[in-house]
Amino acid sequence: MIRLTADSPLSAALDAISEPLACSGVCAPDAPLALVLADDGELVVDLADPDGTVERLLAHAEPAPFGDHERTHFDPAVRRALRLRDRGRVRLRGFDPARHGVLAEVEALLSPRERLVAALTDVQIYPPGGHFVRHRDTPRDGDMLGTLVVLLPLPHSGGDLTIREGDVTRAILRDSSGAASDAPIREVVHVFEDMPEETAGSREVRGGEARTVPGDSREAPPGALRWAAFFADVEHAIDVVRDGHRVVVTYALSRSGAPREPTDDRAAPFREALARELAGRELLPNGGVLLLPCTRRVIVPRGSNAGPALRDLRGLDRELAEAGRALGLEVRVRQCVAASEADAPVDLAAVDLARLREALAEPSLAGLGELVTFAEEGHVLEYLAGGDAVSSLAPLLLARDGDESVLVRARARATLIHEACFSADGYFGNEHYDAWLHALVAVEMVIPSLAARGLVEPEPARRVRHAKFGDGTVVSEQRSDDNLMLVVRFDDGQERRLLRRFLVDL
Ligand SMILES: O=C(O)CCC(=O)C(=O)O
Ligand SMILES: [Fe+2]
């Protein structure tokens, strides 16, 4: 197994591509805002009477829980918020993610090849002191890709929605205190993983790569809606609300099955580097498999026997897989296990090996069973304690000897399959999960040998002479008992099998 590190052209090309994680924007409602309840009228969002609005909402609310493994808990230290009792059946009048073009924006960034659908899942009210600690959203099913949060225009301060990736935390949805006053009404900010902190969450866009929705750039009126969308596996948190009530409507964003044409060629630098490598002689000369650890997790059903497919890859990972296919390579997905993120030191005492063993025994993770032993022997723990900069066990665990190369990816957001097993500061979904797991995967690209790539020089023809048959070209050599025989195609067109000693080299 070979590790292609950051100084290799492929790894360098990969790491130079920035990965979008989230986007946020502002848009105007197209009707007076109201939450339409399933069978009990509607809750009007009255901008002239925010207190009355909140009071009406609270009358229909219940405490919001969070999920911890197979249990659902209420604990204000983790999540202090209320939610509408009718939440799954509520409709928001005045805004629709598809109608307002928000869905199209999110697709362009987070799901370039597949249309998304947005399902309203929750209406949450954070009172003063309300918050939600760092967590990832519990997948509702294998199609869930991200979360869209729409902030209702009710005055409050604090309660920023922040995302964290690697060691960078940024606000993607801020309180309404004046923030929207000079915002163009339809401008959308794309948040890239390596976007400098000072531009994050502001309206500045990153040179060339972020797009602004065409259209008017009027001042945002006071009733504008601010929204943010992010991958569901991105860690996020709601800071403490200082004053007022923060009210958000959240939508699950799921893959719809309908294809979409990508609007940008994000993977181009990698595809071009790979094309150059395939034309050269260094990469897997005897053929083999190139492994790219993914940055986004995929969602697999617990207990399923089928591993993830290409379609299950998210964001840039999918684009990279398609880049391999565009070059004619066979591309597959391999499940793997990797360490917790390097910047989040693992509390070794908190590691629950029994849980890890249980997770790895999942049929969908078949083949990873030996890792249980690996973990039990303490290797995983040693590795985690080492805080390897690559933050991935992938290079250690994925590859078979000999015919495989692992591309080391600086931003492989490698996390244990069942990160609850290893997370020192907890993993909290919105509800408990009982059927779906986040899993780390790698893209496998089958690299043909140099010969199959047409890069092997044909052996120069070997000419011989026979006293009777004249000159000919050696086709093959055969050993018969102790005699060396040559098969020769003579210039008269006949092939003959003759003892070596009756032939002279020319
Ligand atoms: O309140 C928000 O902005 C997001 C809420 C959230 O993270 C969740 O419901 O999982
Ligand atoms: Fe969340």
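A residue counts as buried here if 20 or more other C-beta atoms lie within 10 Å of its own, and as exposed if 12 or fewer do. Keep that cut-off in mind as you click through this predicted model.

**The whole chain**

Start with the protein chain in cartoon view. Its secondary structure comes to nine helices and 31 strands. Colour the 506 residues by burial, and 44% of them fall in the buried class. If you draw contacts with a separation of 6 or more, 77% of them join residues 24 or more positions apart.

**Stop 1: L284**

Select L284, in the loop that runs from helix 4 to strand 22 (288–293). Is this residue buried or exposed? L284 has 21 C-beta neighbours inside 10 Å, so it counts as buried. Look at its backbone too: phi of L284 is near 40°, a positive value in a residue other than glycine. For comparison, most residues other than glycine have a negative phi.

**Stop 2: helix 4 against helix 5**

Step back along the chain to helix 4 (residues 268–279) and show helix 5 (residues 315–326) with it; their axes come within 9 Å and cross at roughly 35°. The crossing of these two helices is right-handed. Show side chains for F270, R271 and L274 on helix 4, and for L320, A323, G324 and A326 on helix 5, to see the residues that make the contact. By type, this contact holds five nonpolar residues, one polar and one charged.

**Stop 3: the two loops beside helix 5**

Now select R314, in the loop between strand 23 (298–301) and helix 5. R314 is buried, because it has 24 C-beta neighbours inside 10 Å. Which residues does R314 touch, leaving aside its neighbours within four places in sequence? The contacts are L145, F231, R296 and V298. Add S111 to the selection: it is 203 residues from R314 in sequence, yet the two C-alpha atoms are 6.9 Å apart.

Move to G328, in the loop between helix 5 and strand 24 (330–336). With 8 C-beta neighbours inside 10 Å, G328 counts as exposed. Draw a distance from G328 to T162: these residues are 166 apart along the chain, and their C-alpha atoms are separated by 40 Å.

**Stop 4: strand 18 and its partners**

Select strand 18 (residues 225–231), where seven of the seven residues are buried. Strand 2 (residues 20–27) runs antiparallel to strand 18 and is joined to it by six bridges. To see one of these pairs, pick C23 and its bridge partner in strand 18, A229. Strand 13 (residues 144–151) also pairs with strand 18 in the antiparallel sense, over six bridges. Here you can pick V150, which stands opposite W227 of strand 18.

**Stop 5: the sheet with strand 19**

Next, show strands 8, 12, 19, 15 and 16. In that order they form an open sheet of five strands with antiparallel pairing. Strand 8 (79–80) and strand 16 (168–173) are the edges; each has a single partner strand, so one side of each is left without a neighbour in the sheet. Zoom in on strand 15 (residues 161–165), which pairs with strand 16 over five bridges in the antiparallel sense. Within this pairing, I163 has R170 of strand 16 as its bridge partner.

**Stop 6: ligand 1**

Centre the view on ligand 1 and show the residues around it: D122, Q124, F132, D137, V149, L161, H236, I238, V248, T250 and N430. Which strands each supply at least two residues of this shell? They are strand 11 (114–126), strand 19 (235–238) and strand 21 (246–259). Coloured by type, the shell around ligand 1 shows five nonpolar residues, four polar and two charged.

**Stop 7: the sheet with strand 28**

Finish with another open sheet of five strands, in the order 30-29-28-27-31 and with antiparallel pairing. Its edges are strand 30 (495–499) and strand 31 (503–505), each pairing on one side only. On average, neighbouring strands of this sheet are turned by 45° against each other, direction ignored. Inside the sheet, strand 27 (residues 463–466) and strand 28 (residues 470–480) pair in the antiparallel sense over four bridges. Your last pick is H466, whose bridge partner in strand 28 is G470.

Note on methods. Residues numbered from 1 in each chain as written. Chains lettered and ligands numbered in written order. Predicted model: local features only at pLDDT ≥ 70, side-chain atom pairs only at ≥ 80, totals over all residues. Pairing = 2+ DSSP bridges. Axes fitted to C-alpha atoms, helices over the stretch in contact; angles between N-to-C directions. Near = placed C-beta within 6 Å. Nonpolar A, V, L, I, M, F, W, Y, C, P; charged D, E, K, R; others polar. Left-handed = near helix turned anticlockwise from the far one by under 90°. Contact = placed C-beta atoms within 7 Å.
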